[in-house]
Amino acid sequence: MENITLRNINKYFGQDISRVHVLKDLSFSADPGEMVLILGPSGSGKSTFLTIAGGLQTPDSGSVFIGNEDLTKLSNKKKEELRLNKIGFILQAYNLVPYLTVKQQFDLVDRVKKTANMPREEFNQVIQKLDIGPILNKYPDTLSGGQKQRAAIARSLYANPDIILADEPTASLDAKRVKEVGGLLQDLAHQYQKTIIVVTHDIRLNDFADKIYHLDDGLLHLA
Amino acid sequence: MFLAFNELKQEKLRYIMIIIMLALLSYLIFILTSLTLGLANENTAAITGWNVKTGVLEKSSDANLRQSLLTADQVKKLTKDSDTAVVAETSVVTKDKGASKISATFVGLNKSQFIAKELQITSGRKAKTSSEIVMDDSFQNKDYKLGQKVSLNDSSKKYKIIGFTHDAKLNIAPIVYGSISTWQNLREIGTNFGGSGIFSKKADFTTSVKNTKAYTLKEIINKLPGYSSQNMTFSFMIGFLMIISLVIVAVFLYIITLQKLPNYAVLRAQGVPSGFLIRATLAQSLILMIFGLIAALILVAITALAMPADVPMTFNLGLTAAVSAAMIIMAIIGALIPVRMIAKVDPVSVIGG
């Protein structure tokens, strides 16, 4: 299992007078077995943090390590491979392919990533915990927002990544489901030694986190 | 293929509509191609059936058989070899009581030369005298029968139909084969003129006879009245239809891909290689075109069965395969713009940040 480390990350958007310093000399690390919450208001740089941590954006300065590998020095192809094998994204929207059933979303992972997906028995437990068994043969457009989000979480977990980066994973879930998803993410961290990073402003997840950071105006500090 | 097939299954209506459009376009292209081939065949069936490679015509005729007039002396000098034969061509109208008037091409032959000797008769026999004629078998559909006596143009003389032959067409008109003397009578030019042109089986047949010039078969065929312009018109129509099908594939795939870009962006974020998504789009384009082509071919087969024999359509397996291959290439080209969009999709655009 890999840890993730961000060192002295700076990120700017815009130019000249409209230049904004979004992440300010940000350093951060999370280890396997940890569930970390990054809380912050809209526009605080949460999504930028997440995309840089996942190798989707390059910082203007600083480095991002997944284990010993510096993401900022990898080619796009290598980054793609790394995301496929080691990083799982859970996003707010567009997580599911609209013309595939929930089960086929997992088949898609099998086709793209042919090895080392989550063992069937372990995954059955995830299915049970997320209560997606009854919707396995349904298409996304027939699911509620909560069902879609739970299916997306399951798909992300199915690829069995070391690190899970989640962007507002509980945004469309009710309190009961928030507890279930929070509990599941916590279990994954603790039982399966995954590194879980959740950016959110949903404080209902606080109880499940091992560490909570606040991101305000590009500055990250431990709560 | 996995993404392509599942999307087609789930979005049936949308894709069936695209397939119907591609099928109709492909159908139109197949029909136009078969018409082009059919009409080209009706222009040249007789000449190609003679198995000749070269022709010598009057120098000022500009390779146009109908404009060429050779003197008897020129014909005599140019037909010394056994692989040469004179052809004397003119337009005629055939008529007889009880049968329709038909515009035809009269071709006078010398019965001792190879074209007359090698003429394939489907019923009856070859002409032996100048009052006997052999007709294209399409005359049989217009109530012309063996043994019947017909007149040609306004001539009072009657000619006996002694045989029928297949695929005897020149310039989209059925041929009436007769003798050189009949041609001389029809054209009222006396015996000083011996024919329109001399054809040879040899590719290197040349002429040193004054006021004559040798042409390749292709040059003579291209100068048949209307032949080149007709072929060009059809080729343009087929070309434009192919471009239209390319545009249809490109526009539809562009719109569909545009709608799917956020999903593709998330898949790219999750490490799904762009090659996987590109292959899915190419597969989708190919599946659409292949289904469209299959539907079009079924329609073409039904059309071929229902079409009256008079319609000059020729269906050719090789040409059909070539047109299908061209359409598939159009589908691949049409998918290039969406493929470029997928290759350039930025996951950050969906996630934000």
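Tutor: A polar contact is a pair of N or O atoms within 3.5 Å, where within protein one must be able to donate a hydrogen and the other to accept it. The model here is predicted, and by that rule eight residue pairs, both members at pLDDT 80 or more, are in polar contact across the interface of chain A and chain B.

Student: Which elements of chain A give two or more residues to the side that touches chain B?

Tutor: They are helix 1 (46-53), helix 2 (76-86) and helix 3 (102-112) of chain A. Helix 3 of chain A gives the largest share, five residues. By class, this side of chain A has 15 nonpolar, six polar and six charged residues.

Student: How many residues of each chain are in contact, and what area do the chains bury between them?

Tutor: Contact requires heavy atoms within 4.5 Å; 27 residues of chain A meet that condition with 25 residues of chain B. The two chains bury about 2,500 Å² between them, with 66% of it on carbon and sulfur atoms. A:Glu80, A:Tyr94 and A:Tyr99 supply 29% of the area that chain A buries against chain B, more than any other three residues.

Student: Why is the pair A:Glu80 and B:Arg268 called a salt bridge?

Tutor: The rule asks for a side-chain nitrogen of Lys or Arg within 4 Å of a carboxyl oxygen of Asp or Glu. The N to O distance between B:Arg268 and A:Glu80 is 2.8 Å, and therefore the pair satisfies the cut-off of 4 Å. The pair runs from helix 2 of chain A to helix 7 (residues 227-269) of chain B. The rule finds one salt bridge across this interface, and 19 over all chains.

Student: What makes strand 6 (87-90) and strand 10 (219-222) of chain A edge strands?

Tutor: They belong to an open sheet of six strands in the order 6-7-8-3-9-10, with mixed pairing. Each of the two has a single partner strand, so one side of each is left without a neighbour in the sheet. The twist in this sheet averages 20 degrees from one strand to the next. Helix 2 of chain A lies across strand 6 and strand 7 (163-167), at about 75 degrees to strand 6.

Student: How do you know that strand 3 (residues 35-39) and strand 8 (residues 195-200) of chain A are paired?

Tutor: Pairing needs at least two bridges. These strands share five, in the parallel sense, so they count as paired. Within this pairing, A:Val36 stands opposite A:Ile197.

Student: Why do strand 4 (residues 61-66) and strand 5 of chain A count as paired?

Tutor: Two bridges join them, and they run antiparallel; the minimum is two, so the condition is met. The bridge partner of A:Phe65 is A:Asp70 in strand 5. Both strands lie in an open sheet of four with the order 2-1-4-5 and antiparallel pairing, whose edge strands are strand 2 (20-30) and strand 5 (69-70). Helix 1 of chain A lies across strand 1 (4-13), strand 2 and strand 4, running at about 125 degrees to strand 1.

Student: Which strands of chain B pair with strand 7 (residues 149-152)?

Tutor: Strand 3 (residues 84-96) of chain B pairs with strand 7 over two bridges in the antiparallel sense, and B:Lys95 stands opposite B:Ser151. Strand 8 (residues 158-165) of chain B is also antiparallel to strand 7, over three bridges, with B:Lys149 opposite B:Lys160. Strands 7 and 8 of chain B form a hairpin with five residues between them, and B:Asn153 in the turn has a positive phi of about 55 degrees.

Note on methods. Residues are numbered from 1 along each chain as its sequence is written. Chains are lettered from A and ligands numbered from 1 in the order in which they are written. This is a predicted model: local features need pLDDT of at least 70, side-chain atom pairs count only at pLDDT 80 or more; totals for chains, interfaces and linings use all residues. Side-chain values use heavy atoms; hydrogens and water are left out. Buried area is the accessible area (1.4 Å probe) that two parts lose on being put together, summed over both. A polar contact is a pair of N or O atoms within 3.5 Å; within protein, one must be able to donate a hydrogen and the other to accept it, and residues adjacent in sequence count only if both atoms are side-chain atoms. Ala, Val, Leu, Ile, Met, Phe, Trp, Tyr, Cys and Pro count as nonpolar, Asp, Glu, Lys and Arg as charged, and the others, Gly among them, as polar. Axes are lines fitted to C-alpha atoms, for helices over the stretch in contact, and angles run from 0 to 180 degrees between N-to-C directions.
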